[in-house]
Amino acid sequence: QLSNSFNLSEAIYSLKMETDDFGSKVNQWICHLERIDCLLGVEHYSDLNELTGDEAIKLLNEIVKCGIYNSIVLDLPLLCSGATTLLSQCEVIYELSCQEKKKKKMSEEFHRQLQLKEGTTILSHIIEVAKNQTVSEVL
């Protein structure tokens, strides 16, 4: 059961409206699902494409200001609008490694696109993580 009905679309809308209470609303938007806190996805994929890298960074900074998270996990579509801006701000990027042929090809394409857009800067921050690794093994 979700604690509220907010999602990333609501956050993007509020961010674009530049409301004064944006930071205080972030805590309201975060849902608690079992042992994970999350901001649910967008209602329409186009909402995500309209989010600029700078806006995404502002959103993440507001989440960081809450002060209760050591790490933030992003589930990004391949090079959505602003993804490289976000990734360039990360100290470490963990990527789930998959042996399935289709997913492996997607990962290779993701790396190729990053190389074309950003050179090797972002690629040097990526650490591959196996499906069966625990958080403590990775960190």
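This text walks through the cores, salt bridges and surface of a predicted model.

Start with the inside. The largest nonpolar core counts 16 residues. Leu-8, Phe-22, Val-26, Leu-51 and Leu-59 have the most contacts inside this core. Three helices, α1, α2 (22-29) and α4, each supply at least two of its residues. Helix α4 gives the largest share, with five residues. Apart from this core lies another one, of seven residues. Ile-93, Phe-110, Leu-123 and Ile-126 are among its members.

Val-26 deserves a second look. Leaving aside neighbours within four places in sequence, Val-26 is in contact with Glu-62, Ile-63 and Cys-66. One of these partners, Glu-62, lies in helix α4. Glu-62 counts as buried because its relative accessibility is 13%, and buried means under 20%.

Glu-62 also takes part in a salt bridge. Its partner is Lys-65, and the closest N and O atoms are 3.4 Å apart. Both residues sit in helix α4, three residues apart, which is about one turn of the helix. The two ends of this bridge fall into opposite classes. Lys-65 is exposed, at 63% relative accessible area, whereas Glu-62 is buried.

How many salt bridges does the structure hold? There are four. One of them joins the side chains of Glu-55 and Lys-16, at 2.8 Å from N to O. Glu-55 belongs to helix α4 and Lys-16 to helix α1 (residues 8-17), so this pair ties together parts that are 39 residues apart in sequence.

Is Glu-55 buried or exposed? At 19% relative accessibility, Glu-55 counts as buried, because the cut-off for buried is under 20%. Lys-16, at 32%, is partly exposed. The helix that holds Glu-55, α4, spans residues 53-65. Not counting residues up to four places away in sequence, Glu-55 touches Leu-15, Lys-16 and Glu-50. Lys-16 thus appears both as a contact and as the salt-bridge partner of Glu-55.

A further salt bridge links the side chains of Lys-103 and Glu-100, with 4.0 Å between N and O. Here both ends are partly exposed. Lys-103 has a relative accessible area of 40%, and Glu-100 has 41%.

Return now to helix α1, which also holds Glu-10. Glu-10 is partly exposed, with a relative accessible area of 33%. Which residues does Glu-10 contact, once neighbours within four places in sequence are left aside? They are Trp-29 and Glu-43. Another pairing shows how the chain folds back in space. Glu-10 and Gly-41 are 31 residues apart in sequence, and their C-alpha atoms are 9.8 Å apart.

Finish on the surface. Val-64, Ile-72 and Leu-74 form a nonpolar patch there. Together these three residues have about 230 Å² of accessible area. Leu-74 lies in the loop between α4 and α5 (83-88). Its relative accessibility is 36%, so Leu-74 counts as partly exposed.

Helix α4 recurs along this route. It supplies five residues to the largest nonpolar core. It carries Glu-55, which pairs with Lys-16 of helix α1. It also holds both Lys-65 and Glu-62.

Methods
Residues are numbered from 1 along each chain as its sequence is written. This is a predicted model: local features need pLDDT of at least 70, side-chain atom pairs count only at pLDDT 80 or more; totals for chains, interfaces and linings use all residues. Side-chain values use heavy atoms; hydrogens and water are left out. Helices (H or I, at least four residues) and strands (E, at least two) are DSSP runs, numbered from the N terminus. Buried means under 20% relative accessible area, exposed over 50%, partly exposed in between (1.4 Å probe, protein chains only). Contact means heavy atoms within 4.5 Å. Patches are made of residues with over 30% relative accessible area and no salt bridge: like charges are joined within 9 Å, nonpolar side chains (Val, Leu, Ile, Met, Phe, Trp, Tyr) within 5 Å. Accessible areas come from the Shrake-Rupley method with a 1.4 Å probe; for residues, only the protein chains shown count as cover. A nonpolar core is a set of buried Ala, Val, Leu, Ile, Met, Phe, Trp, Tyr and Cys residues joined through side-chain atoms within 4.5 Å.
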